[in-house]
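Open the viewer and keep the selection panel at hand. This tour goes stop by stop.

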Number of protein chains: 2
Amino acid sequence: MLKISELAAQTGLSAHTIRFYEKHGLISASERSEAGYRYYSDADIRRAEFVKTARNIGFSLDDIGQLLSIRLDKDSHSCQEVTDITQHKLDEVNGKIAELKIMQQTLQRLLDSCGGGPEDATHCSIIEALEEGDVASTVSARNGGHS
Amino acid sequence: MLKISELAAQTGLSAHTIRFYEKHGLISASERSEAGYRYYSDADIRRAEFVKTARNIGFSLDDIGQLLSIRLDKDSHSCQEVTDITQHKLDEVNGKIAELKIMQQTLQRLLDSCGGGPEDATHCSIIEALEEGDVASTVSARNGGHS
DNA sequence: TATAAGCTTAGAGTTGGCTCTAAGGTCAAT
DNA sequence: ATTGACCTTAGAGCCAACTCTAAGCTTATA
Ligand SMILES: [Zn+2]
Ligand SMILES: [Zn+2]
Ligand SMILES: [Zn+2]
Ligand SMILES: [Zn+2]
């Protein structure tokens with residue numbers, strides 16, 4: 001049985017974050033001392049580490065909640081459900097990468113067009129490009145949302 | 001002279017957003033009617049379009065503020081300052097891309113390891129990987145901050 | 001002149017994931 | 001017995017960039 005700060009040390013999550021995750025149903029302490037102190041069992045620790053791993057990969061807390069409920073009752077969930085969550089996340093990540101690559105290209109082109117020297121910005125090609133709006137590849141999807 | 005909704009139509013920004021940008025010093029109306037209505041001159045419109053273009057590229061409002069003050073007094077700013085802002089942004093973008101690529105690889109590997117069929121998740125390799133924490137390439141930089 | 005569309009303001013709400021505070025109770029070591 | 005480290009809670013605050021509301025004033029059209 002670990003106390004919260006010990007679980008924090010083990011997982012690398014802060015005690016604050018552990019309580020925050022508990023409030024959101026991700027982690028719980030299967031025991032409490034008389035004074036209300038949280039005590040974490042081996043199963044609790046494994047669950048916390050599952051959460052930590054999933055978070056490191058980039059899953060949202062909501063995704064993690066779904067993955068945890070699958071983990072809790074594997075028999076009544078399919079692999080399909082797991083890959084759906086994973087694929088959905090991958091799509092999201094791929095979308096963001098695509099957006100960022102457009103930004104990257106635009107920024108790189110701007111940098112290439114301007115030496116960046118100590119001369120004044122009167123004829124700076126970056127400022128000019130921004131003024132003329134002819135920055136070509138602008139990002140179409142400004143929000144990160146999806147269906 | 002355009003009214004706010006006309007400027008909104010021209011720039012594709014909402015009237016709300018234009019007022020929000022004004023509150024943050026990015027856009028202003030050089031005239032007001034007696035009743036307080038905003039009226040935008042050609043120079044105002046060009047400035048608003050500059051802001052819009054910079055935002056589309058992905059610059060933060062803070063970056064845009066700096067770019068605008070360079071634009072306002074080009075003589076006393078160098079190209080160096082402009083490329084610094086741009087390079088800084090590019091570094092940020094490259095950092096995010098790197099993070100996302102790690103997520104992408106991990107997710108793809110997980111998907112490859114699990115067929116995603118209708119069988120139950122008892123032996124799901126994705127769930128197992130999360131349980132064992134051996135997900136290899138985890139993302140080190142979780143926050144987007146930098147010096 | 002009446003109706004509707006459009007404008008004004010200050011300020012609150014949204015998103016996701018923390019992060020921290022205040023005010024107090026508990027526990028181990030000296 | 002007293003320090004000091006640790007624990008508890010509810011709830012506020014933070015970040016960026018919006019997004020929206022409420023309540024009231026103005027303007028154009030019929
Ligand atoms: Zn010159
Ligand atoms: Zn330049
Ligand atoms: Zn089986
Ligand atoms: Zn599977």
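The stops below cover the DNA strands, a helix, a metal site and three single residues.

**Before you start**

This is a predicted model: local features need pLDDT of at least 70, side-chain atom pairs count only at pLDDT 80 or more, and totals for chains, interfaces and linings use all residues. Residues are numbered from 1 along each chain as its sequence is written, chains are lettered from A and ligands numbered from 1 in the order in which they are written, and side-chain values use heavy atoms, without hydrogens or water.

**Stop 1: DNA strand D**

Select DNA strand D and the residues around it. There are 17 of them. A residue counts as near a strand or molecule if one of its heavy atoms lies within 4 Å of it. The closest are A:Ser5, A:Arg19, A:Arg38, B:Phe20 and B:Tyr21. Which part of the strand comes within 4 Å of the protein? Sugar and phosphate make up 71% of those atoms.

Now show side chains. Look for polar contacts, meaning pairs of N or O atoms within 3.5 Å; within protein, one atom must be able to donate a hydrogen and the other to accept it, and residues adjacent in sequence count only if both atoms are side-chain atoms.

- A:Arg19 has a side-chain N or O atom 3.0 Å from a phosphate oxygen of DNA strand D.
- A:Arg32 places a polar side-chain atom 3.1 Å from a phosphate oxygen of this strand.
- B:Arg55, on the other chain, also has a polar side-chain atom 3.1 Å from a phosphate oxygen of DNA strand D.

Colour by secondary structure next. Helices (H or I, at least four residues) and strands (E, at least two) are DSSP runs, numbered from the N terminus. α1 (4-11) of chain A and α2 (15-23) of chain B each supply at least two residues of the surface near DNA strand D. α2(B) gives the largest share, four residues.

**Stop 2: DNA strand C**

Move to DNA strand C. It also has 17 residues around it. Those that come nearest are A:Phe20, A:Tyr21, B:Ser5, B:Tyr37 and B:Arg38. Of the strand's atoms within 4 Å of the protein, 64% belong to sugar or phosphate, and the rest to bases.

Pick out three side chains here.

- A:Tyr37 brings an N or O atom of its side chain to 2.8 Å from a base nitrogen of DNA strand C.
- B:Ser5 has a side-chain N or O atom 2.7 Å from a phosphate oxygen.
- B:Arg32 has one 3.2 Å from a phosphate oxygen.

Which helices supply this surface? α2 of chain A and α1 (4-11) of chain B each give at least two residues. α2(A) gives the most, with four.

**Stop 3: helix α1 of chain A**

Go to α1(A). Select A:Ile4, A:Leu7, A:Ala8 and A:Thr11, which are buried. Buried means under 20% relative accessible area, exposed over 50%, and partly exposed in between (1.4 Å probe, protein chains only). The four lie on the same side of α1(A), because they cover an arc of only 105 degrees around the axis. That arc is taken from the directions from the helix axis to the C-beta atoms. Their cover includes α2 (15-23), β2 (38-39) and α3 (42-57) of chain A. Just after the helix comes A:Gly12, with a positive phi near 85 degrees.

**Stop 4: the zinc ion**

Select ligand 2, the zinc ion. Its protein donors are A:Cys114 (SG), A:Cys124 (SG) and B:Cys79 (SG), at 2.2 to 2.3 Å. Donors are N, O and S atoms within 2.8 Å of the metal (3.2 Å for Na, K and Ca); water is not among the atoms, so sites may look incomplete. A:Cys114 and A:Cys124 sit in the loop between α5 (79-113) and α6 (125-132) of chain A, ten residues apart. Buried or exposed? A:Cys114 is buried at 6% relative accessible area, and A:Cys124 is buried at 1%.

**Stop 5: three single residues**

Find A:Lys89 in helix α5 of chain A. It counts as buried, at 7%. Contact means heavy atoms within 4.5 Å. Beyond neighbours within four places in sequence, A:Lys89 contacts A:Gly58, A:Phe59, A:Ser60, A:Asp63, B:Met103 and B:Leu107.

Jump to B:Lys52 in helix α3 (residues 42-57) of chain B. B:Lys52 is buried too, at 19%. B:Thr11 is 41 residues away in sequence, yet 6.9 Å away C-alpha to C-alpha.

End at B:Ala136, in the segment after α6 (125-132) of chain B. B:Ala136 is exposed, at 59%.
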